[in-house]
Amino acid sequence: MEKKVYELRIDPDLRDLIPPLSDEERKMLEDSIVRDGCDTPLTVWQGVIVDGHNRYEICHAHGIPFGIEEKDFEDRDDAMFW
């Protein structure tokens with residue numbers, strides 16, 4: 001899996017399906033990614049983030065490369081259901 005700083009699109013409806021992290025959870029995730037890198041690939045559908053919005057923001061803020069896993073959903077609703 002190639003890791004780089006991808007430019008992906010954010011669909012607010014997909015992003016908002018996951019409850020936001022608490023400040024403490026966000027800090028712990030950020031500290032981990034800065035220290036160890038981003039080992040879990042972001043799930044992407046047609047260039048849109050389906051899962052990994054927090055990791056995406058953290059990686060971009062620190063210039064940390066990350067991998068992506070492209071999923072083949074039938075449509076946006078299918079991606080949202082997943």
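Is glutamate 57 buried, partly exposed or exposed? Select this residue in your viewer to start the tour, and keep in mind that you are looking at a predicted model. Glutamate 57 has a relative accessible area of 34%, so it counts as partly exposed.

**Stop 1: from helix H3 to helix H2**

Keep glutamate 57 on screen and add arginine 26. These two side chains form a salt bridge, with 3.4 Å between the closest N and O atoms. The pair links distant parts of the chain: arginine 26 sits in helix H2 (residues 23–36) and glutamate 57 in helix H3, 31 residues apart. Arginine 26 has a relative accessibility of 25%, so this residue is partly exposed too.

**Stop 2: from helix H1 to helix H4**

The structure holds nine salt bridges, and the next one to show is between aspartate 13 and arginine 76. Draw a distance between their side chains, N to O, and look for 2.5 Å. Aspartate 13 belongs to helix H1 and arginine 76 to helix H4, so this salt bridge ties together parts that are 63 residues apart in sequence. How accessible are the two partners? Aspartate 13 is partly exposed at 42% relative accessibility, and arginine 76 is partly exposed at 31%.

Now add Asp11 to the selection. Asp11, Asp13 and Arg76 are linked in a network of salt bridges.

**Stop 3: neighbours in sequence**

Select arginine 15 and aspartate 16 next. They form a salt bridge in which the closest N and O atoms are 3.0 Å apart. Arginine 15 counts as partly exposed, at 33% relative accessibility. Aspartate 16 comes out at 52%, and it counts as exposed because the cut-off for that label is over 50%.

**Stop 4: aromatic rings**

Time to switch from charges to rings. How many aromatic pairs does a search of the whole structure find? There are four. To see one of them, show tyrosine 6 and phenylalanine 66, whose rings form a tilted pair with 5.5 Å from centre to centre and 50° between the planes. The partners come from distant parts of the chain, 60 residues apart: tyrosine 6 is in the segment before helix H1 (12–15), while phenylalanine 66 is in the loop between helix H3 (53–62) and strand E3 (68–70). Turn on a surface and you can check that tyrosine 6 and phenylalanine 66 are both buried.

Leave both rings visible and add Tyr56. Tyr6, Tyr56 and Phe66 make up one aromatic cluster.

**Stop 5: a negative patch**

With the surface still on, colour by charge and select Glu70, Asp72, Glu74, Asp75 and Asp77. Together these residues form a negative surface patch. Zoom in on aspartate 77, which lies in helix H4 (residues 76–81). This residue has a relative accessible area of 55%, so it counts as exposed.

**Stop 6: a backbone detail**

For the last selection, go to glutamine 46. Where is it? You will find glutamine 46 in the loop between strand E1 (42–45) and strand E2 (48–51). If your viewer reports backbone torsions, look at phi: the value is positive, about 50°, although glutamine 46 is not a glycine. Its relative accessible area is 53%, so glutamine 46 counts as exposed.

Terms used: Residues numbered from 1 in each chain as written. Predicted model: local features only at pLDDT ≥ 70, side-chain atom pairs only at ≥ 80, totals over all residues. Heavy atoms only, no water. Phe/Tyr/Trp six-rings, centres within 6.5 Å; stacked < 30°, edge-to-face > 60°. Helix = DSSP H or I, 4+ residues; strand = E, 2+ residues; numbered from the N terminus. Buried < 20%, exposed > 50% of the residue type's maximum accessible area, 1.4 Å probe, protein only. Patch = residues over 30% accessible without salt bridge, like charges linked within 9 Å, V, L, I, M, F, W, Y side chains within 5 Å. Areas by Shrake-Rupley, 256 points an atom, 1.4 Å probe, with all protein chains shown as cover. Salt bridge = Lys/Arg side-chain N within 4 Å of Asp/Glu carboxyl O. Lys, Arg positive; Asp, Glu negative; His and termini not counted. Charge placed at Lys NZ, Arg CZ, Asp CG, Glu CD.
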